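Biologist: I would like to learn how to read the contact between two domains, and after that how to read a pair of aromatic rings. Could we go through both with the model in view?

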Protein chains: 2
Amino acid sequence: MTIEITPIYGIGEIGPGADLAAIFLAALHDAEFVLLDGDVLVVTHKAVSKAENAVARFDDDEDQRRAIIAGEATAILRRRGDLVITETRHGFICANAGVDRSNMPEGLLALLPHDPDRSAQRLRTKIRRATGADIAVVITDTFGRPWRKGLTDVAIGVAGMPALVDYRGTTDTFGRTLTVTEVALVDEVAAAADLVMGKAKSVPLAVVRGLDYPAGEGRATDLVRPADEDMFR
Amino acid sequence: MTIEITPIYGIGEIGPGADLAAIFLAALHDAEFVLLDGDVLVVTHKAVSKAENAVARFDDDEDQRRAIIAGEATAILRRRGDLVITETRHGFICANAGVDRSNMPEGLLALLPHDPDRSAQRLRTKIRRATGADIAVVITDTFGRPWRKGLTDVAIGVAGMPALVDYRGTTDTFGRTLTVTEVALVDEVAAAADLVMGKAKSVPLAVVRGLDYPAGEGRATDLVRPADEDMFR
């Protein structure tokens with residue numbers, strides 16, 4: 001089955017306290033895009049952070065930026081020059097505790113939402129109520145990774161679908177039982193949506209249609225590998 | 001712009017020495033799928049490995065499997081029980097040097113193709129000649145990653161498109177120059193295609209249509225972060 005990934009244009013700057021569900025519904029309406037059951041709405045976290053006022057004042061002072069990052073991080077894994085690899089309170093490992101300046105108004109840094117799974121759930125509930133469509137929501141951020149150059153989008157919040165799909169116990173084409181194949185479904189959804197969202201343009205919303213995913217209520221924190229199972233802490 | 005990702009069904013088991021381009025062209029023809037300029041063909045490496053005979057005999061003997069992995073690995077980063085995190089001759093860091101049993105006929109293990117970028121280039125050339133369509137090719141494998149649970153597909157071979165897109169020097173919506181935003185485009189393409197390919201089913205080919213990517217000839221080895229720039233070796 002073909003899946004389609006559509007960016008939703010025309011969403012303007014999002015201010016503190018904005019009703020993100022209402023803004024997205026208006027943009028979908030203007031784009032004449034009618035949501036269907038099973039659609040996955042992929043939302044960049046920066047839209048969520050702005051609406052939830054998860055931002056910090058920033059006077060272009062590097063010491064201040066470092067202090068904000070230190071306040072957001074629960075642990076520092078590595079440090080090299082300006083770059084610190086941190087653990088966040090959610091358990092995510094990422095650069096600079098997710099504190100980011102790009103596509104932010106002057107004088108503000110974006111932080112990660114306080115509880116992105118809950119933000120996703122709230123968005124999902126409001127959009128379901130308004131449209132009747134049984135949709136899922138994935139909130140994304142852009143992370144680096146060891147060993148491979150370049151950034152990819154990953155999921156930091158999920159509602160209405162599993163975060164991981166476990167193929168253990170199913171059989172391959174030769175009838176053998178698959179053993180260790182657990183797929184990070186929502187990270188693949190996040191990466192796929194980034195293909196239409198771009199980095200320089202601010203497209204905070206895309207819709208993935210036609211994706212065949214199992215029922216279930218995952219959380220992005222399901223993706224966090226416990227420290228004692230991690231070989232690269 | 002909407003992108004579409006379509007799995008191509010009906011491709012049977014691929015034997016050693018098979019003409020992969022001919023097999024794919026026949027399957028595309030049967031699916032009445034006409035390739036267009038700019039389409040990205042995403043191919044699982046296992047199809048390539050089988051066609052190129054990049055396989056090893058395997059008598060279900062664990063010592064033999066360990067020896068094959070040791071032969072494929074150029075370095076061992078970590079070891080825990082049966083799992084070894086290795087560097088391959090291509091420079092990729094992955095589990096078990098890419099040696100894999102799933103979806104392989106009895107008595108064979110899949111290895112990584114010798115030079116997946118070259119395999120991608122060969123496929124691209126043959127398919128362009130046959131169809132006239134200026135397509136790109138991405139060859140994928142399924143890798144784990146530190147810190148986050150679950151596997152995602154990544155690119156191990158590329159032809160006809162850049163592997164990385166560098167946004168440095170472009171400006172964000174507030175007119176500020178983006179500084180460190182280099183996106184792993186082909187890894188996002190690989191992850192996106194995996195959404196229609198599945199793990200238990202053997203769908204070795206998907207087509208990504210409508211993707212807006214810059215001109216350029218990348219290689220998957222462009223994605224390898226040099227050891228001295230890597231904080232997690």
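Modeller: Let us begin with polar contacts in this predicted model: between domain 1 of chain A and domain 2 of chain A, the count is 6 residue pairs in polar contact, both residues at pLDDT 80 or more. Helix 2 (45-51), strand 8 and strand 9 of chain A are the elements that give two or more residues to the side of domain 1 that touches domain 2, and helix 2 of chain A provides the largest share of that side, 4 residues.

Biologist: Which side chains meet in a salt bridge?

Modeller: The rule finds 1 salt bridge across this interface of chain A, and the side chains of Asp100(A) and Lys46(A) meet in a salt bridge at 2.6 Å, N to O.

Biologist: How much area do domain 1 of chain A and domain 2 of chain A bury between them?

Modeller: The size of an interface is often given as the accessible area lost when the parts come together. Here domain 1 and domain 2 of chain A bury about 1,300 Å² between them, with 60% of it on carbon and sulfur atoms. Lys46(A), Phe143(A) and Val224(A) supply 34% of the area that domain 1 of chain A buries against domain 2, more than any other three residues.

Biologist: And how is a ring pair read?

Modeller: A pair of aromatic rings is described by the distance of the centres and the angle of the planes. The count is 4 aromatic pairs over all chains; the rings of Trp147(A) and Phe232(A) have centres 4.7 Å apart and planes at 75°, over the 60 degrees required, so this pair is edge-to-face.

Notes
Residues are numbered from 1 along each chain as its sequence is written. Chains are lettered from A and ligands numbered from 1 in the order in which they are written. This is a predicted model: local features need pLDDT of at least 70, side-chain atom pairs count only at pLDDT 80 or more; totals for chains, interfaces and linings use all residues. Side-chain values use heavy atoms; hydrogens and water are left out. Rings of Phe, Tyr and Trp (its six-membered ring) pair if their centres lie within 6.5 Å; planes under 30 degrees apart count as stacked, over 60 as edge-to-face and the rest as tilted. Buried area is the accessible area (1.4 Å probe) that two parts lose on being put together, summed over both. A salt bridge is a side-chain nitrogen of Lys or Arg within 4 Å of a carboxyl oxygen of Asp or Glu. A polar contact is a pair of N or O atoms within 3.5 Å; within protein, one must be able to donate a hydrogen and the other to accept it, and residues adjacent in sequence count only if both atoms are side-chain atoms.
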